[in-house]
Amino acid sequence: MGFFEAGLLGSYTIVTSEAPDVKGLIDSQIDSIMSLVNSNQVNNLLIKDPTIIQVTNKMDVADALKEQANVDGVSVDQMNVSTYQNLEGSNIEVNIEALGYSSVNVSSGQIVLSQTPDYQVVAKAKAKADGHGVEIDTSTIKITSVLKLYSTNKNASKIQIG
């Protein structure tokens, strides 16, 4: 620690061509360290769990996700919307996760309907809080990823018609 302080004081002297204010430099270092350890700052540094929020326009959000992600459908029941921000703000950034379904497969005269989702759609959007929940501005939805889901059991949840 002594070598670090001597090096700091020496470099200060070389850079500024002035005698260093030893007490001022040490106080500055202590203030910087104390601001990191301060209990008010510790809460801002810790990763917090997101707040799950109630969305008032889920059908509109599902339609926007379906169009942007280029999937055949989006499950409204399995859509999760969360935020790390305070819900009292007028412009809240939310994270949206939903399960998407691909179009119906037709092969050899048979239609195969699948109950399992084929995609996971992840997006971000802006929202505003109202009295009953949060309304997402569908024009601000930006898809961050569309992941293809694979099943190890191909016949587990398929219904064949025909």
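This is a short group-meeting talk on the core, the salt bridges and the surface patches of one predicted model.

Hi everyone, thanks for coming. Please keep in mind throughout that we are looking at a predicted model.

Let's start on the inside. The largest nonpolar core holds 22 residues. If you want to find it on screen, pick out Leu65, Met79, Val94, Ile96, Ile136 and Ile141, the residues with the most contacts inside this core. Which elements supply at least two residues each? They are helix H4 and three strands: E4 at 92-101, E7 at 119-130 and E8 at 133-136. H4 has the largest share of the core, with 5 residues. As general background, nonpolar side chains in soluble globular proteins tend to be buried together.

While we are on strand E7, have a look at Ala127, which is found there. Is Ala127 buried or exposed? Its relative accessible area is 4%, and under 20% counts as buried, so Ala127 is buried. Its C-alpha atom is 7.5 Å from that of Ser90, although the two residues are 37 apart along the chain.

Now to the salt bridges. How many are there? The count comes to 3. Two of them share Glu93, so let me take those together. Lys124 pairs with Glu93, with the closest N and O atoms 3.9 Å apart. That pair links distant parts of the chain, as Lys124 sits in strand E7 and Glu93 in strand E4, 31 residues away. For those of you who like cut-offs, a salt bridge here needs the nitrogen within 4 Å of the carboxyl oxygen. Then there is Lys126, whose side chain meets that of Glu93 at 3.6 Å, N to O. Lys126 is in strand E7 and Glu93 in strand E4, so this bridge ties together parts that are 33 residues apart in sequence. Put together, Glu93, Lys124 and Lys126 form a network of salt bridges. As for accessibility, Lys124 is partly exposed at 36%, Lys126 is partly exposed at 32%, and Glu93 is partly exposed at 31%.

The other salt bridge joins Asp27 and Lys23, with 2.8 Å between the closest N and O atoms. Here the partners are 4 residues apart in helix H2, so about one helical turn separates them. Lys23 is exposed, at 60% relative accessibility, whereas Asp27 is partly exposed, at 32%.

Helix H2, residues 22-37, is also where we find Val22. Together with Ile26, Ile30 and Met34, Val22 makes a nonpolar surface patch of about 340 Å². Val22 has 37% relative accessibility and counts as partly exposed.

Next, the charged side of the surface. Where does negative charge gather? The patch is made of Asp60, Asp63, Glu67, Asp130, Glu135 and Asp137. Helix H4, residues 58-69, gives the most to this patch, with 3 residues. One residue to click on is Asp63, which is found in H4 and is partly exposed at 43% relative accessibility. So H4 turns up twice in this talk, because the helix also supplies the largest share of the core.

One last stop, and it's a backbone detail. Asn70 has a phi near 60 degrees, a positive value in a residue other than glycine. You will find Asn70 in the loop between H4 and strand E2, which covers 73-74. With 70% relative accessibility, Asn70 counts as exposed.

That's my tour. Thanks for listening!

Methods
Residues numbered from 1 in each chain as written. Predicted model: local features only at pLDDT ≥ 70, side-chain atom pairs only at ≥ 80, totals over all residues. Heavy atoms only, no water. Patch = residues over 30% accessible without salt bridge, like charges linked within 9 Å, V, L, I, M, F, W, Y side chains within 5 Å. Areas by Shrake-Rupley, 256 points an atom, 1.4 Å probe, with all protein chains shown as cover. Lys, Arg positive; Asp, Glu negative; His and termini not counted. Charge placed at Lys NZ, Arg CZ, Asp CG, Glu CD. Buried < 20%, exposed > 50% of the residue type's maximum accessible area, 1.4 Å probe, protein only. Core = buried A, V, L, I, M, F, W, Y, C linked by side-chain atoms within 4.5 Å.
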